[in-house]
Amino acid sequence: EALALFDYLRKSHAQGFVVSLSGGCDSTAVVSLIHLMVQLACAELGLSEVQKRLAHVRGIADCRDARTVLGHLLTTVYQGTANSSAVTREAASDVAEAIGATHREIDIEAFVAGYTAAVGKALGRTPDWNRDDLALQNIQARARAPGVWMIANLEDKLLLATSNRSEAAVGYATMDGDTCGGLSPIAGIDKAFLRTWMEWLELTGPAGCCPLPALACVTRQRSTPELRPAEAAQQSEGDLMPFPVLDRIERLAIRDKLPPKEVLLHLVAEYPAYERAD
């Protein structure tokens, strides 16, 4: 993935990457890949050769080390609403600071309220959480797209999508929300693996690169999109199921082409702690 990102950046002549960094696992995994891209490129090629191969990037010749190269290439954007928490805001800021990204914050609550009010006026009723839960969740994710796209356009950078395979496979993703972008680096990676990989990167990391202890502020969290009000205590695995189970179902049904009844038999045998509901 790191090599692919470097190669795409070189061939596309873009000025770098933009990521909507929520402070959660998926978007943090994407920015971590960009961090590894720069670290591995500088270790393998040397700073001067990296600057030569990315000579189209304005100002890269003035970068003095891998960290300043990363800050030049990567812009991260935290986009909060009334349902966002201080935990994810601080996690996004801490991760961006740890890797040296250029970090921005945008409060999009006014945009969410504006869309909701405009649609409510057109429909003749105010959307509410009792009847319109999914729509009110999705408008928050979609309202993040215009601003981050604008930043990418203004900086001549590539916007990267942050949706993963597990959530996309069951529709737990927002079209024009976390799926928007010109490239999707983790689209083929399941959520269970992503979390394991993030823990490995936090504590160990690849040969030639230091681990990223700052990832602890992300790996210690329970996954949540923060799209419902705080009192709902929303968690992704609560909305769906534990990610290892979801990944196992996908492998049995898609890879092994087993029918639902056989998938269920495997799950009953492999996860005895869960109750079977006939």
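A disulfide here is a pair of cysteine sulfur atoms within 2.5 Å. With that cut-off in hand, welcome to a short tour of the cysteines and charged pairs in this predicted model. The disulfide count comes to zero, while the salt bridges number 22. The points below go through two cysteines and then some of the charged pairs.

**Cysteines**

- Cys-209 has its closest cysteine sulfur in Cys-210, and the two sulfurs are 7.5 Å apart, so they are too far from each other for a bond.
- Cys-209 is also buried, with a relative accessibility of 10%.
- For Cys-180, the closest cysteine sulfur belongs to Cys-25; because 18 Å lies between the two sulfurs, this pair is too far apart for a bond as well.
- Cys-180 counts as buried too, its relative accessible area being 13%.

**Salt bridges around Lys-191**

- Lys-191 forms a salt bridge with Asp-26, and their closest N and O atoms are 3.0 Å apart.
- This pair links distant parts of the chain: Asp-26 sits in helix H2 (residues 25-45) and Lys-191 in helix H9 (residues 191-203), 165 residues apart.
- Lys-191 also meets Glu-167 in a salt bridge, with 3.4 Å from N to O.
- Because Glu-167 belongs to helix H8 (residues 165-169) and Lys-191 to helix H9, this second bridge ties together parts that are 24 residues apart in sequence.
- Each of these three residues is buried: Lys-191 has a relative accessible area of 2%, Glu-167 has a relative accessibility of 4%, and Asp-26 has a relative accessible area of 10%.

**Salt bridges around Asp-247**

- Asp-247 and Arg-251 form a salt bridge in which the closest N and O atoms are 3.0 Å apart.
- Both residues lie in helix H12 (residues 243-255); because they are four residues apart there, about one helical turn separates them.
- The two partners differ in exposure: Asp-247 is buried at 11% relative accessible area, whereas Arg-251 is partly exposed at 30%.
- Asp-247 and Arg-251 also belong to a network of salt bridges that links them with Arg-165, Asp-190 and Glu-250.

**To take back to the bench**

- If you are looking through the cysteines, keep in mind that the model has zero disulfides.
- If you are looking through the charged residues, Lys-191 is a good place to begin, as a partner of Asp-26 and of Glu-167.
- From there, you can turn to the network that includes Asp-247 and Arg-251.

Terms used
Residues numbered from 1 in each chain as written. Predicted model: local features only at pLDDT ≥ 70, side-chain atom pairs only at ≥ 80, totals over all residues. Heavy atoms only, no water. Buried < 20%, exposed > 50% of the residue type's maximum accessible area, 1.4 Å probe, protein only. Salt bridge = Lys/Arg side-chain N within 4 Å of Asp/Glu carboxyl O. Helix = DSSP H or I, 4+ residues; strand = E, 2+ residues; numbered from the N terminus.
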